[in-house]
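The exercises below are meant to be worked with the sequence and the coordinates side by side. Each task is followed by a solution that proceeds step by step.

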Amino acid sequence: MDSLIDSDPQAAKEYLQKLSQLYRYLIRTKDDEVVLLEDEMDFARNYIYLLEKRFGKSYQFSIQGEENITDQFIPPGALQILVENVVKHNMSTTTDPIFTLLEIKNEEIIISNDLRLKPNVQASNKTGIQNLKSRFALLSERKVEISIDSKYTVILPLIKQVD
């Protein structure tokens with residue numbers, strides 16, 4: 001951020017605005033069981049913006065199916081956990097980027113990314129994923145699905161009604 005302030009004050013200002021929007025969202029939703037998917041997608045876009053500014057084109061994200069988000073709910077921060085894991089666990093460069101797709105369809109959101117695990121990284125204790133599974137188990141009869149092959153894919157069920 002320091003170098004951005006010196007080299008491009010306008011970009012630094014935008015970065016700071018996105019960061020403050022993230023914190024406001026986290027504070028506003030800290031006690032909520034679910035939030036509108038539309039709000040969570042805004043949060044995810046802000047988080048992705050920060051990652052793109054930090055890592056350049058090393059991590060690339062695409063969002064599809066946003067026309068399907070009316071009256072859908074999701075636990076707050078669910079997408080941030082999965083987007084953060086992409087960067088935390090995968091090795092990437094600008095010449096060999098990691099591609100991540102967030103796709104909303106059929107009452108679920110599918111997050112899928114290339115899988116290139118970082119070498120010499122401590123084994124994950126999977127706290128974030130376990131927490132996510134537990135939160136969804138309380139809110140939906142559908143479970144969080146995870147598959148691992150050449151891609152790491154997580155399918156989160158979207159919640160239609162809030163009791």
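**Exercise 1. Overall fold**

Determine what share of the contacts with a separation of 6 or more comes from residues 24 or more positions apart, and describe the overall dimensions of the protein.

Solution. In this predicted model, residues 24 or more positions apart account for 71% of the contacts in the protein with a separation of 6 or more. The next step is to list the secondary structure, which comprises 5 helices and 7 strands, arranged from the N terminus on in the order α-α-β-α-β-β-α-β-β-α-β-β. The radius of gyration is 16 Å, close to the 15 Å that the globule rule gives for 163 residues, so the protein is as compact as a globular protein of that length. Along its principal axes the C-alpha trace spans about 50 × 35 × 30 Å, and 41% of the 163 residues count as buried.

**Exercise 2. The two sides of helix α2**

Establish which residues of α2 are buried, which are exposed, and how the buried ones are placed around the axis.

Solution. Begin with the geometry: helix α2, residues 9–29, has 21 residues and reaches 30 Å from its first C-alpha to its last, close to the 30 Å expected at 1.5 Å a residue. The buried residues in α2 are Ala-11, Ala-12, Tyr-15, Leu-22, Tyr-25 and Thr-29. These residues cover an arc of only 150° around the axis, which puts them on the same side of α2. On the other side of α2 the exposed residues are Pro-9, Gln-10, Tyr-23, Ile-27 and Arg-28. As background for reading such a pattern, an α-helix has 3.6 residues a turn, so residues three or four places apart point the same way.

**Exercise 3. Aromatic rings and a charge**

Find the aromatic pairs of the structure and classify their geometry, then locate the ring over which the charged end of Lys-18 sits.

Solution. A search of the whole structure finds 2 aromatic pairs. One of them joins Tyr-25 and Phe-43, which are stacked, with 4.5 Å centre to centre and 20° between the planes. Because Tyr-25 lies in helix α2 and Phe-43 in helix α3 (residues 37–55), this pair ties together parts that are 18 residues apart in sequence. Both Tyr-25 and Phe-43 are buried. Phe-55 and Tyr-59 form an edge-to-face pair, with 5.3 Å centre to centre and 70° between the planes. Here the burial of each partner has to be assessed separately: Phe-55 has 24% relative accessibility and therefore counts as partly exposed, while Tyr-59 has 5% and therefore counts as buried. Finally, the charged end of Lys-18 sits over the ring of Tyr-49, 5.4 Å from its centre.

**Exercise 4. Helix α5 and its packing**

Check the span of α5 against expectation and identify the elements against which its buried residues pack.

Solution. At 1.5 Å a residue, the 13 residues of α5 (residues 127–139) should span 18 Å, and the end C-alpha atoms are 19 Å apart, which agrees. Ile-129, Leu-132 and Phe-136 are the buried residues in α5. They cover an arc of only 60° around the axis, which puts them on the same side of α5. The face turned away from this buried side carries the exposed residues Ala-137 and Leu-138. The buried residues of α5 pack against β3 (73–74), α4 (78–89), β6 (145–148) and β7 (151–157).

**Exercise 5. Two buried strand residues**

Decide whether Asn-113 is buried or exposed, do likewise for Ile-98, and compile the contacts of each residue beyond four places in sequence.

Solution. Asn-113 is placed in strand β5 (residues 108–114), and with 3% relative accessibility it falls under the 20% limit and so counts as buried. Beyond four places in sequence, the contacts of Asn-113 include Val-86, Asn-90, Ile-98, Lys-151 and Tyr-152. Ile-98 belongs to strand β4 (residues 98–105) and, at 0% relative accessibility, counts as buried. The residues that Ile-98 touches, with the same sequence neighbours set aside, include Ser-58, Tyr-59, Val-86, Met-91, Asn-113 and Arg-116. As a last step, consider Ile-98 together with Ile-129: their C-alpha atoms are separated by 20 Å, and the two residues are 31 residues apart along the chain.

Technical notes. Residues numbered from 1 in each chain as written. Predicted model: local features only at pLDDT ≥ 70, side-chain atom pairs only at ≥ 80, totals over all residues. Heavy atoms only, no water. Helix = DSSP H or I, 4+ residues; strand = E, 2+ residues; numbered from the N terminus. Expected span 1.5 Å × (residues − 1). Buried < 20%, exposed > 50% of the residue type's maximum accessible area, 1.4 Å probe, protein only. Arc of directions from axis to C-beta. Phe/Tyr/Trp six-rings, centres within 6.5 Å; stacked < 30°, edge-to-face > 60°. Lys NZ or Arg CZ within 6 Å of the ring centre and 35° of its normal. Rg over C-alpha atoms; globule rule 2.2 N^0.38 Å. Contact = heavy atoms within 4.5 Å.
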